[in-house]
Amino acid sequence: MANAPKVTIAPAKGRLGILTPGMGAVATTFIAGTIAVAKGLAKPIGSLTQMGTIRLGKRTDNRVPAIKEFVPLADISDVAFGGWDLFAENAYESAVHAGVLERDLLEKIRPELEAIKPMKAVFDKKYVKKLDGTHVKTGGTKWDYAQMLMEDIKNFKEENKVDRLVMVWCGSTEIFLKPEDVHQTVEAFEKGLKEDHPGIAPSMIYAYAAIKMGIPYANGAPNLSADFPAMLELARQTNTPICGKDFKTGQTLMKTILAPGLKTRLLGLSGWFSTNILGNRDGEVLDDPDSFKTKEESKLSVLEQILQPNVYPDLYKDFYHKVRINYYPPRGDNKEGWDNIDIFGWLGYPMQIKVDFLCRDSILAAPIVLDLAIFLDLAKRANFAGIQEWLSFYFKSPATKPGLYPEHDIFIQHMKLKNTLRYMMDEEQITHLGADYYEYYR
Ligand SMILES: NC(=O)c1ccc[n+]([C@@H]2O[C@H](COP(=O)([O-])OP(=O)(O)OC[C@H]3O[C@@H](n4cnc5c(N)ncnc54)[C@H](O)[C@@H]3O)[C@@H](O)[C@H]2O)c1
């Protein structure tokens, strides 16, 4: 008799609601793009859930289905979008304002976008100093705001006839906060909400509302939002998948592609200087040193983890790593990131690599929002609760169990993700050992 599958996945019946606190450049590029793809107007380039394939079994089996045929994912034509922002612009107006997508495409989906109007935000200027908006909830404690958000979510669900929900923070980067006592337990956090504790930022109130309701939560920004013990405890109580922080796009994407390559060949590193110019609202927010500090922490951590200076002191001890972001309005969303990489090879001889990445921030981030929403919904239906390390692939700061270091190498992350899908569907893990093809292994 065949063994019962290890994981039971509920079917993706009905509609999926995708909620984004923050409806700026990334959120609207994601929403408009997904609608355009569902209508056949464009292709979902960069999305693993929509375009990725997965090898199953041996290389000689020739089984390479599309991921979306292999695992039961929500269909993007069965999705409703909602969110919150401190600016009242609808998704069409906000997308025009962001200036990422061409007007021609936006006009084709204008009615759908105009129908998506942000709900009033939970916002406090103390946590994002460069922003001011009037479309905000007022007159309550942080606890009251959490209740208001849960009410918003219930109403959204009813009005849009949605069966399941996920939330992806696409709001601005908040100031740098460190976990303190209020973040340690659900009890302390709820008390803190009622007492308006200054350690509780708006993004945490959204995360709390979502996770309390059992709604999977991902954080596109580097701020401490669901990344502390109280949220993990809550996620376990409510059986909710959560994952990392800060979408891995642009320069950090390049870093996590290049650094594993250098390490694989045992090439040493003496310094990596990264600088960026960008001119969108995100760039303006990051012009504030407190918001930048949050981003800097997230960007700096990846090299240290990938290169393991403690394991390879001759190659990576004391390498110099600097990241700078400069707000430069003429560039809008079209960021330019330069990297100067000082490496050394055989006998210590120095060499240099220069990278000049003229990227489009929101174009790189949009497929990540889509994939996270679709995979988190899958995780929820598969009854996977708590930290979803297999989604590290998408983050600059992946979430991990306390005591476990995060895996930043994009190729390991990718393998982990695909092996998790194989595990879910009771397919053999692929180790790339290849022993089956060669007799000398026997
Ligand atoms: N685009 C990328 O490549 C990328 C990569 C990693 C992280 N991020 C992060 O994603 C986030 C979104 O980026 P973006 O380019 O869309 O920025 P954006 O400034 O265009 O949009 C952010 C939106 O969030 C809103 N907002 C801020 N605080 C809010 C709150 N408390 N509640 C509701 N709305 C709130 C702002 O009004 C704004 O409209 C930023 O934090 C950014 O750092 C972006």
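Author: One term before we start: Ala, Val, Leu, Ile, Met, Phe, Trp, Tyr, Cys and Pro count as nonpolar, Asp, Glu, Lys and Arg as charged, and the others, Gly among them, as polar. Also, keep in mind that this is a predicted model.

Reader: Ok, so by class, what's in the shell around the ligand?

Author: That shell has 21 nonpolar, 11 polar and five charged residues.

Reader: And which residues come nearest to the ligand?

Author: Out of 37 residues around the ligand, the nearest are G22, G24, V26, A221 and R281. As for elements, α1, β2 (79–85), β6, α12 (281–286) and α15 each give two or more residues to the shell.

Reader: Which element gives the largest share?

Author: α15 does, with four residues.

Reader: Where does the ligand sit relative to the domains?

Author: Between them, because domain 1 and domain 2 both give residues to the shell around the ligand.

Reader: Hang on, which residues make up each domain?

Author: By the domain assignment, domain 1 covers 16–247 plus 362–424, and domain 2 covers 251–358. Their centres, taken over C-alpha atoms, are 26 Å apart.

Reader: How many residues are in contact across the two domains?

Author: 28 residues of domain 1 touch 27 residues of domain 2. On the domain 1 side, the elements giving two or more residues are β6 (241–247), α15 (361–381), β12 (395–397) and α16 (410–424). That side has 13 nonpolar, eight polar and seven charged residues.

Reader: Switching topic: how many helices and strands does the chain have?

Author: There are 16 helices and 12 strands. The radius of gyration is 22 Å, close to the 22 Å that the globule rule gives for 442 residues, so the chain is as compact as a globular protein of that length. Of those 442 residues, 46% count as buried.

Reader: Let's zoom in on a helix. Which residues of α4 are buried?

Author: In α4, residues 91–98, the buried ones are A91, Y92, S94, A95 and A98. Looking down the axis of α4, they fall within an arc of 165 degrees, so they line one face of the helix.

Reader: Why can residues a few places apart in a helix point the same way?

Author: An α-helix has 3.6 residues a turn, so residues three or four places apart point the same way.

Reader: Nice. What do the buried residues of α4 pack against?

Author: They pack against α1 (25–38), α5 (103–108), α6 (110–114) and α15. Just after α4 comes G99, with a positive phi of about 70 degrees.

Reader: What about α8, which residues are buried there?

Author: V186, F189, G192 and L193 are buried in α8, residues 186–194. Those residues cover an arc of only 125 degrees around the axis, which puts them on the same side of α8. The partners they pack against are α7 (142–159) and α10 (229–237). After α8 comes D196, whose phi is positive, near 55 degrees.

Reader: Last one, T173. Where is it, and is T173 buried or exposed?

Author: T173 is in the loop between β4 (164–169) and α8. T173 has 25 other C-beta atoms within 10 Å, and 20 or more is the cut-off for buried, so T173 counts as buried.

Reader: What does T173 touch?

Author: Not counting residues up to four places away in sequence, T173 touches A221, P222, N223, V285, L286, S291, T294 and K295. The C-alpha atoms of T173 and F292 are separated by 8.0 Å, though these residues are 119 residues apart along the chain.

Methods: Residues are numbered from 1 along each chain as its sequence is written. This is a predicted model: local features need pLDDT of at least 70, side-chain atom pairs count only at pLDDT 80 or more; totals for chains, interfaces and linings use all residues. Domain bounds come from an automatic or database domain assignment. Two residues are in contact if their C-beta atoms, placed from the backbone, lie within 7 Å. A residue is buried if 20 or more other C-beta atoms lie within 10 Å of its own, exposed if 12 or fewer, and partly exposed in between; C-beta atoms are placed from the backbone. The arc is that of the directions from the helix axis to the C-beta atoms. A residue is near a molecule or strand if its C-beta atom, placed from the backbone, lies within 6 Å of it. The radius of gyration is taken over C-alpha atoms; the globule rule is 2.2 Å times the number of residues to the power 0.38.
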